[in-house]
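Here is a short briefing on a protein with its ligands. Please keep the sequence and the 3D view open while reading.

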Amino acid sequence: MIPLTVAEITAAVGGTLHASDPATVAAAVVDGPVEYDSRKVAPGGLFVAFAGAKVDAHDFAAKAVADGAVAVLGSRPVEGVPTIVVEDPLTAVGRLARAVLARLDGLTVVAVTGSSGKTSTKDLITALLRTAGPTVATTASENNELGTPYTVLKVAADTRFLVLEMGSRGVGHLRYLCDIAPPDVSVVVNVGVAHIAEFGSVEGTALAKGELVEALRPAGLAVLNADDPRVAAMAARTTATVVLAGESALSDFRATDVVGLDRGRFGFTLHVPGGDAVPVRLDAAGRHQVGNALLAAAVASHAGVDPAGIAATLGDLEGLSTRRMDVFDRADDVTVIDDSYNANPASMAAALRALTAVAGGRRMIAVLGFMAELGEYERTGHEEVGRLAAELGVDRLVAVGEQAAPILHGASVVASWGGDPVLVTDQEAAVALLRDELRPRDVVLVKGSRYRTWDIADALREGLK
Ligand SMILES: Nc1ncnc2c1ncn2[C@@H]1O[C@H](COP(=O)(O)OP(=O)(O)OP(=O)(O)O)[C@@H](O)[C@H]1O
Ligand SMILES: [Mg+2]
């Protein structure tokens, strides 16, 4: 964190300082990391103690200070430990993040939301902005009311770009996150049925996601997916400058001549307003990454990266988040697409299309788990995925767990499909089946909602021992 005294932090969060020697503690400077996991505490840092149902982190407050934390931010005083006491530490961390940002000039805050592809797009934006200046970004998917301030608090005095993935499960969520970190650039990837159980409807989702552009000041920039009508329509919800990115002719940042390359990757011609068109060979698997890359290109261009620089970085990507379109070859010549991080119908469709692109005629095996949080759309959502898998000609369709069975029902309605469906009880059974059936040159996609399929991808990575 940027250096702040304990007194400044106490004032920023509206807390009360409890310490045996308050004057000395108040003047002490916090310049280390802000952590809520006591194992991560480092010298000069601040430890945030949450009192959870199972663990009360105040029990670790003394250890955190012994490990070098200057003070603790908690909901009650701890004997012998300098503690800034607030009613709610979560709200307090948000306030602290807001105060830190208010002290920094010359920092551009980029916020990214959408139903699918937030992390993927955030990773592409981060890779591009790193070429323009010191950049801090959300790690993995830490996109909620804790992850957002946690990421903000990693900013240093020389940070030029802060890229924040922002998740939303209902009206008001993004507004809350944008109060903590008011965006200069708001990026909306798409509006789909992810988390629809909480939103109620796709329209409800669009309403909530649009809060990201409503939070922009007039001098800000909205970067909107031109190919998603619900996203493009968000242009009307801000007075900030709007740029559209996509393949439609309306787009300011546009891809034409999209062609499949090796390993499920795609190439295209990138058009930017007022600049030269450049060829891009996108170093990420899946057709859906083209749209993500266009959004990222718009953000990078705003930050001054020229088209050639954008093309160079997009052509050689490193450090993308794990379990997302991670294509790897095993020693036995089987190719695996680990896209097991999470799943909803749109991302399943994207991944199945990527499977066909990677396979390029090789035998395709899709190991698909349950998609969570679809509410009343659950049955149809699974059936649609199965139908698409069949239409794309997946050879072996493995549904993992009884809840994923509707995937197979969906596939069975495609009369022309000659593939082979199977329902397995759980992840272990899926691994056993793959152990028996995999042959050299097979291409396997593994995807489902989080922990429900992770173990299968890991077993494939480890060689199905
Ligand atoms: N633009 C896109 N359209 C549809 N699917 C996409 C898109 N980009 C990525 N995906 C798919 O969505 C899945 C999730 O991607 P990613 O982790 O980037 O999304 P997310 O929005 O961050 O998800 P979460 O809500 O879990 O944080 C990926 O596995 C990928 O297959
Ligand atoms: Mg994410």
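The points below cover the metal site, the ligand pocket and the salt bridges.

The model is predicted. The magnesium ion (ligand 2) has three named donor residues, T119, S141 and E165. Ligand 1 is surrounded by 23 residues. The structure also holds 25 salt bridges.

**Magnesium site**

- T119 coordinates the magnesium ion (ligand 2) through OG1, S141 through OG and E165 through OE. The distances run from 2.0 to 2.2 Å.
- Along the sequence, the donors follow the spacing T-x21-S-x23-E.
- S141 sits in the loop between β9 (135–137) and α6 (147–152), while E165 belongs to strand β10 (residues 161–165), so the pair ties together parts that are 24 residues apart in sequence.
- Is E165 buried or exposed? E165 counts as buried because its relative accessibility is 1%, and the cut-off for buried is under 20%.

**Ligand 1: contacts**

- K118, T119, S120, R324 and D339 are the closest of the residues around ligand 1.
- T119 has a side-chain N or O atom 2.8 Å from an oxygen atom of ligand 1. T119 is also a donor to the magnesium ion (ligand 2).
- S141 places a polar side-chain atom 2.9 Å from an oxygen atom of ligand 1. S141, too, is a donor to the magnesium ion (ligand 2).
- N190 has a polar side-chain atom 3.5 Å from a nitrogen atom of ligand 1.
- How much of ligand 1 does the protein bury? Ligand 1 taken alone exposes 630 Å², and the protein buries 93% of that.

**Ligand 1: make-up of the shell**

- Elements that give two or more residues to the shell are α5 (118–130), α12 (288–302) and α14 (345–359).
- Which element gives the most? That is α5, with three residues.
- By class, the shell has 13 polar residues, six charged and four nonpolar.

**Salt bridge R169–E373**

- R169 and E373 form a salt bridge, with their closest N and O atoms 2.7 Å apart.
- R169 is in the loop between β10 and α7 (173–180), and E373 is in the loop between β19 (364–368) and α15 (378–391), so this pair ties together parts that are 204 residues apart in sequence.
- R169 counts as partly exposed, at 35% relative accessibility. E373 counts as partly exposed, at 30%.

**Salt bridge R265–D262**

- R265 pairs with D262 in a salt bridge, and the closest N and O atoms are 2.9 Å apart.
- R265 is partly exposed, with a relative accessible area of 23%. D262 counts as partly exposed, at 39% relative accessibility.

**Salt bridge D326–R461 and its network**

- D326 forms a salt bridge with R461, with the closest N and O atoms 3.4 Å apart.
- D326 lies in strand β17 (residues 326–329) and R461 in helix α18 (residues 451–461), so the pair ties together parts that are 135 residues apart in sequence.
- D326 counts as partly exposed, at 26% relative accessibility. R461 counts as partly exposed, at 39%.
- Which residues make up the network that includes this pair? Salt bridges link R323, D326, D338, D458 and R461.

Methods: Residues numbered from 1 in each chain as written. Chains lettered and ligands numbered in written order. Predicted model: local features only at pLDDT ≥ 70, side-chain atom pairs only at ≥ 80, totals over all residues. Heavy atoms only, no water. Donors = N, O, S within 2.8 Å, 3.2 Å for Na, K, Ca; no water. Helix = DSSP H or I, 4+ residues; strand = E, 2+ residues; numbered from the N terminus. Buried < 20%, exposed > 50% of the residue type's maximum accessible area, 1.4 Å probe, protein only. Near = heavy atom within 4 Å. Polar contact = N/O pair within 3.5 Å; in protein donor to acceptor, adjacent residues only side chain to side chain. Areas by Shrake-Rupley, 256 points an atom, 1.4 Å probe, with all protein chains shown as cover. Nonpolar A, V, L, I, M, F, W, Y, C, P; charged D, E, K, R; others polar. Salt bridge = Lys/Arg side-chain N within 4 Å of Asp/Glu carboxyl O.
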